[in-house]
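Work through the exercises below with the sequence and the model in view. Try each task before reading its solution.

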Amino acid sequence: MNDYEKFKKDVLQLTKIDLNAYKERQMKRRIDTLIMRHKIKSYDDYVQAIRSDKKMFEEFVNYLTINVSEFYRNPEQWELLDKEILPKLLKKFGSHIKIWSAACSTGDEPYSLVMALSKHMPLNQIKIYATDIDKQVLDKARMGLYNEKSIAAVPSDLKKKFFTKIGPSYQIANEIKKQVEFKEHNLLKDPYPTDCHLIVCRNVLIYFTDEAKDEVYAKFNKSLTRNGVLFIGSTEQIINYADLGYARAKSFFYEKP
């Protein structure tokens with residue numbers, strides 16, 4: 001297989017996903033594995049295949065976007081959100097706070113946010129804006145059906161209250177679902193929402209190059225209101241946070257002063 005450079009251009013044209021923003025070795029290996037699975041011999045042939053076969057196209061986008069997601073991932077950080085960050089934001093901005101769950105994958109994160117907020121305010125006042133580049137995971141998110149492993153870290157009172165067991169799976173309550181609006185969004189290309197009080201984007205940017213990361217963090221900063229907070233994943237840190245306009249609030253929480 002050759003001409004990965006041309007392949008990246010074809011993919012950008014076809015999917016609007018810029019593979020240059022991802023760490024090349026990791027991404028190329030993932031793509032080569034997928035192409036070989038289909039017994040396709042060249043990048044050109046694979047581009048033709050995804051161009052003409054909707055199912056293969058969706059599989060490709062799904063495969064590119066790394067979806068490892070679970071509710072309340074790293075519970076100690078969610079506890080910090082619950083005990084310190086949310087009360088501070090609600091005190092400062094009142095109950096109509098704008099929250100964006102960016103690269104939300106299968107919905108575990110925005111639904112966790114609704115449940116976390118439900119301890120502080122009535123459900124019907126909560127609104128989470130949730131986006132991802134991948135149509136398929138957004139469909140899964142809207143369906144709201146999860147396996148046992150996904151919901152393992154959900155506090156037991158919330159699990160009892162908001163999940164119904166259906167066979168081996170768990171269905172999240174409609175009253176939680178209703179508070180989340182899901183939309184397709186490409187972090188590297190599309191305009192960002194504005195005036196956010198809290199942005200949650202966790203364990204996604206580890207796959208990006210340093211330049212792409214800085215670009216996204218800078219755009220998040222523009223999206224936040226003053227004193228708004230960015231919540232990132234436990235595998236990430238923003239080393240040059242001051243240059244990008246942040247102050248460090250707590251580990252994994254950065255504030256726009």
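The exercises that follow deal with helix packing, salt bridges, a surface patch, backbone angles and distances.

This is a predicted model, in which local features need pLDDT of at least 70, side-chain atom pairs count only at pLDDT 80 or more, and totals for chains, interfaces and linings use all residues. Residues are numbered from 1 along each chain as its sequence is written, and side-chain values use heavy atoms, with hydrogens and water left out.

**Exercise 1. Helix packing**

Task: Describe how helix α2 and helix α4 pack, giving the angle and the distance between their axes.

Solution. Two packed helices are described by the angle between their axes and by the distance between the axes. Begin by locating the two elements: α2 covers residues 24-37 and α4 covers residues 54-64. Helices (H or I, at least four residues) and strands (E, at least two) are DSSP runs, numbered from the N terminus. Next, read the geometry: the angle is about 150° and the axes lie 10 Å apart. This makes α2 roughly antiparallel to α4. Axes here are lines fitted to C-alpha atoms, for helices over the stretch in contact, and angles run from 0 to 180 degrees between N-to-C directions. Angles under 35 degrees count as roughly parallel, over 145 as roughly antiparallel, 65 to 115 as roughly perpendicular and the rest as oblique. Last, add the hand: α2 and α4 cross in a right-handed way. A crossing is right-handed if the near helix is turned clockwise from the far one by less than a right angle, and left-handed if anticlockwise.

**Exercise 2. A salt bridge between two loops**

Task: Find which parts of the chain are tied together by the salt bridge of glutamate 70 and lysine 149.

Solution. Side chains of opposite charge can pair when their charged atoms come close. A salt bridge is a side-chain nitrogen of Lys or Arg within 4 Å of a carboxyl oxygen of Asp or Glu. For glutamate 70 and lysine 149, the N to O distance is 4.0 Å. Glutamate 70 lies in the loop between α4 and α5 (75-93), and lysine 149 in the loop between β3 (145-146) and α8 (156-162), so the pair joins parts that are 79 residues apart in sequence. Now compare the cover: glutamate 70 is partly exposed at 27% relative accessibility, whereas lysine 149 is exposed at 63%. Buried means under 20% relative accessible area, exposed over 50%, and partly exposed in between (1.4 Å probe, protein chains only).

**Exercise 3. More salt bridges**

Task: State how many salt bridges a search of the whole structure finds, then examine the one between aspartate 82 and lysine 83.

Solution. The search of the whole structure gives 17 salt bridges. In the bridge between aspartate 82 and lysine 83, the closest N and O atoms are 3.7 Å apart. Aspartate 82 is buried, at 11% relative accessibility, while lysine 83 is exposed, at 54%. Lysine 83 sits in helix α5. A further bridge joins aspartate 190 to lysine 189, with 3.0 Å between the closest N and O atoms; lysine 189 is partly exposed, at 44%. Finally, Glu5, Lys8 and Glu24 are linked in a network of salt bridges.

**Exercise 4. A nonpolar patch**

Task: Name the residues that make the nonpolar surface patch of about 270 Å².

Solution. The patch is made by Met143, Leu145 and Ile166. Patches consist of residues with over 30% relative accessible area and no salt bridge, where like charges are joined within 9 Å and nonpolar side chains (Val, Leu, Ile, Met, Phe, Trp, Tyr) within 5 Å. Accessible areas come from the Shrake-Rupley method with a 1.4 Å probe; for residues, only the protein chains shown count as cover. Take one member: methionine 143 belongs to helix α7 (residues 135-143) and is partly exposed, at 48% relative accessibility.

**Exercise 5. Positive phi**

Task: Give the loops that hold asparagine 74 and alanine 103.

Solution. Asparagine 74 is in the loop between α4 and α5, and its phi is near 60°, a positive value in a residue other than glycine. Alanine 103 is in the loop between β1 (99-102) and α6 (108-117). Alanine 103 also has a positive phi, of about 55°, and is buried at 19% relative accessibility.

**Exercise 6. Distance in sequence and in space**

Task: State how far glycine 107 is from arginine 202 in sequence and in space.

Solution. Glycine 107 lies in the loop between β1 and α6 and is buried, at 0% relative accessibility. Glycine 107 and arginine 202 are 95 residues apart in sequence, and their C-alpha atoms are 13 Å apart in space.
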